[in-house]
Amino acid sequence: MKYTVSLKDNRIFQKLYNRGKRSVSPYFALYYRKNGKKQTRIGITASTKLGKAVVRNRVRRRIREIIRLAEAGISPGHDIVIVARIRAISGGFQEQKEDLQHLLCACGLLSGVFCEHEKGAMKPPRERVREVRNEEDSHRND
C-alpha cells in the first residue's frame, strides 16, 4: 500500500477499541482515531469466529484490496482498524467494497470520487436500513 502503513502493535489496537470512535455496517466494524502523524495506519482483524485460516485470509485479502483501491482518497493522520464480521464470508466483493467505502465516507475518513453518497447517488448502509424500517412502520400505522 502506497499511502498507508500496516498497524501491528497490539497496544494501539487496544487503544482504538477502548478510546476510538466506531462505526458498524453489515460486513465490517470500523474503529478509528486521529494519530497526530502524517500517515494513516490501518489494521485488519478477522477473528476465528469467521472460520479456519483459509477463510480468514480470504477475507483479509479482500479488505486489503478494497483499501488499496480507495487508498488515494483516505485522509492522512488516522489509525484505523477494520474488523471483519461473519457476513463478510458470504458477501460478494462488490457489495463489500461499496459497504466499506460507505462506512469510511460516513466516518469522514474517505473523500473525493469514492464517496458517491455525498452526491446523492447512494446513502450509507445504516441510513438505508433506517429508511426501510420507517417505511415498514408507516405501513403498519395505515
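Helices, labelled H, and strands, labelled E, are DSSP runs numbered from the N terminus. With these labels, glycine 91 can be placed in the loop between E5 and H3. The model is a predicted one. Its chain has 4 helices and 5 strands, and along the sequence they follow the pattern β-α-β-β-β-α-β-α-α.

**The chain as a whole**

- The chain has 142 residues, and 39% of them count as buried.
- About 8800 Å² of the chain is exposed, with carbon and sulfur atoms supplying 47% of that area.
- Among contacts with a separation of 6 or more, 75% are between residues 24 or more positions apart.

**Strand E5 and its neighbours**

- Strand E5 covers residues 78-84, and 7 of its 7 residues are buried.
- On one side of E5, the buried residues are His78, Ile80, Ile82 and Ala84. On the other side they are Asp79, Val81 and Val83, so both faces of the strand are covered.
- In a regular strand, side chains alternate between the two faces of the sheet.
- E3 and E5 run antiparallel and are joined by 7 bridges. Within this pairing, phenylalanine 28 has alanine 84 of E5 as its bridge partner.
- E4 and E5 run parallel and are joined by 5 bridges.
- Isoleucine 44 stands opposite isoleucine 82 in E5, and threonine 45 stands opposite valine 83 in E5.
- E4 also pairs with strand E1 (residues 4-6): these two run parallel, with 3 bridges between them. Here valine 5 stands opposite arginine 41 in E4.

**Helix H2**

- Helix H2 spans residues 53-70, which makes 18 residues. From its first C-alpha to its last it reaches 26 Å, close to the 26 Å expected at 1.5 Å a residue.
- Its buried residues are Val55, Arg56, Val59, Ile63, Ile66, Ile67 and Ala70. Seen down the axis of H2, these buried residues fall within an arc of 110°, so they line one face of the helix.
- The cover over the buried residues of H2 includes strands E3 (28-34), E4 (40-45) and E5 (78-84), as well as helix H3 (93-106).
- Together with E4 and E5, H2 makes a left-handed β-α-β unit.

**Helix H1**

- In helix H1 (residues 10-19), Ile12, Phe13 and Leu16 are buried. They cover an arc of only 105° around the axis, which puts them on the same side of H1.
- Arg11, Asn18 and Arg19 are exposed on the other side of H1.
- E3, E4 and E5 are among the elements that cover the buried residues of H1.

**Helix H3 and what follows**

- H3 has 14 residues, and its reach from first C-alpha to last is 20 Å, close to the 20 Å expected at 1.5 Å a residue.
- The buried residues of H3 are Gln96, Asp99, Leu100, Gln101, His102, Leu103, Leu104 and Cys105.
- Glycine 108 follows H3 and has a positive phi, near 80°.

**Two buried residues: serine 23 and glycine 91**

- Serine 23 lies in strand E2 (residues 21-24). Its relative accessibility is 15%, and buried means under 20%, so serine 23 counts as buried.
- Leaving out residues up to four places away in sequence, serine 23 touches Phe28, Ala29, Leu30, Leu103 and Cys107. One of these, Leu103, is also a buried residue of H3.
- Glycine 91, in the loop between E5 and H3, has a relative accessible area of 6% and is buried.
- Glycine 91 touches Tyr27, Arg62 and Gln96, again leaving out residues up to four places away in sequence. Gln96 is itself among the buried residues of H3.
- Glycine 91 and valine 59 are 32 residues apart in sequence, and their C-alpha atoms are 9.9 Å apart in space. Valine 59 is one of the buried residues of H2.

Technical notes:
Residues numbered from 1 in each chain as written. Predicted model: local features only at pLDDT ≥ 70, side-chain atom pairs only at ≥ 80, totals over all residues. Heavy atoms only, no water. Expected span 1.5 Å × (residues − 1). Buried < 20%, exposed > 50% of the residue type's maximum accessible area, 1.4 Å probe, protein only. Arc of directions from axis to C-beta. Contact = heavy atoms within 4.5 Å. Pairing = 2+ DSSP bridges. Right-handed = clockwise from strand over helix to strand, strands pointing away. Areas by Shrake-Rupley, 256 points an atom, 1.4 Å probe, with all protein chains shown as cover.
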